Amino acid sequence: MNTVAMTGRITKTPVIEEVGNETKFKKCTFTIMVKTKRKLKNSEYRSDAIQCEATGGLLKTLELIVVKGSPLAITGEIRTNSWGEGETFRQYSYINVETLEVLENKEQTDKRKALLEEKEKSTPS
């Protein structure tokens, strides 16, 4: 059985893209930072960056609610893509997200969105 569950914070506001050659579909690729059980020398916990992909009904939640820093709980399965041969062989693992829950209420999410918008306005282009 290939099942994973984790909680963490999304590293940037998700972007939905259309992919596929013959059959087009929408997907969202994003990263969440997940705290590990291992402590660093300064007594803080180490975090790992976990790559995730979502499709289907989850896209609406990701597009309308989730912003940079949002705490998420996800479940899914580990998937691996590979390409190339010999010295050019590459492999990429990610979580294919099956369920997603935002771990803050609407008021907290709205405050986070407002802070991000304010920060974008004050940053010179």
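Is Y92 buried, partly exposed or exposed? Y92 is partly exposed, because its relative accessible area is 25%, and the terms work as follows: buried means under 20% relative accessible area, exposed means over 50%, and partly exposed lies in between, with a 1.4 Å probe and protein chains only. This is a predicted model, in which local features need a pLDDT of at least 70 and side-chain atom pairs count only at pLDDT 80 or more, while totals for chains, interfaces and linings use all residues. Residues are numbered from 1 along each chain as its sequence is written, and side-chain values use heavy atoms, with hydrogens and water left out.

**The whole chain**

Begin with the protein chain in a cartoon view, where there are two helices and six strands; helices (H or I, at least four residues) and strands (E, at least two) are DSSP runs, numbered from the N terminus. Following the chain from the N terminus, you will meet the elements in the order β-β-β-β-α-β-β-α. The C-alpha atoms fill a box of roughly 45 × 45 × 35 Å, taken along the principal axes, and buried residues make up 30% of the 125 residues.

Next, colour the chain by pLDDT, which is the predictor's confidence in each residue, from 0 to 100. The mean for the protein chain is 91, and 99% of its residues reach 70 or more. Confidence is lowest in helix α2 (residues 106-122), at a mean of 85, and highest in β1, at 96.

**Strands side by side**

Select β2 (residues 16-19) together with β3, which pair in the antiparallel sense over four bridges; two strands pair if DSSP finds at least two bridges between them. Here E17 stands opposite K27 in β3. The two strands form a hairpin with five residues between them, and G20 in the turn has a positive phi of about 105°.

Now move on to β3 and β4, which run antiparallel and are joined by 10 bridges. M33 has A49 in β4 as its bridge partner. These strands also form a hairpin with five residues between them, and in the loop between β3 and β4 you can select S43, whose phi is near 70°, a positive value in a residue other than glycine.

Keep β4 selected and add β6: the two run parallel and are joined by two bridges. In this pairing, C52 has I95 in β6 as its bridge partner.

**Around T31**

Select T31 in strand β3, which is buried, with a relative accessible area of 15%. The side chains of T31 and Q51 are joined by a polar contact of 3.1 Å; a polar contact is a pair of N or O atoms within 3.5 Å, where within protein one must be able to donate a hydrogen and the other to accept it, and residues adjacent in sequence count only if both atoms are side-chain atoms. Leaving aside neighbours within four places in sequence, T31 is in contact (heavy atoms within 4.5 Å) with R9, I10, T11, A49, I50 and Q51.

**Back to Y92, and on to E77**

Return to Y92, which lies in strand β6. Its contacts, again leaving aside neighbours within four places in sequence, are T29, Q51, E53, R79, T80, N81 and W83. If you draw a distance between the C-alpha atoms of Y92 and V102, which are 10 residues apart along the chain, the separation is 26 Å.

Then show the ring of Y94 as well. Rings of Phe, Tyr and Trp (its six-membered ring) pair if their centres lie within 6.5 Å, and planes under 30 degrees apart count as stacked, over 60 as edge-to-face and the rest as tilted. The count by this rule comes to one aromatic pair: the rings of Y92 and Y94 have centres 5.5 Å apart and planes at 25°, so the pair is stacked. Y94 counts as buried, at 8% relative accessibility.

From Y94, go to E77 in strand β5, which touches N2, V4, Y94, I95, N96 and E98, not counting residues up to four places away in sequence. The side chain of E77 also makes a polar contact of 2.7 Å with the side chain of R79.

**The nonpolar core**

Finish with the largest nonpolar core, meaning a set of buried Ala, Val, Leu, Ile, Met, Phe, Trp, Tyr and Cys residues joined through side-chain atoms within 4.5 Å. Of its 19 residues, F30, I32, L72, I74, V97 and L100 touch the most other members. The elements that give two or more residues to this core are β1 (4-10), β3 (25-39), β4 (45-55), α1 (58-64), β5 (71-83) and β6 (90-102). As a last selection, take L72, which touches residues including M6, I10, F30, I32, V66 and L100, not counting residues up to four places away in sequence.
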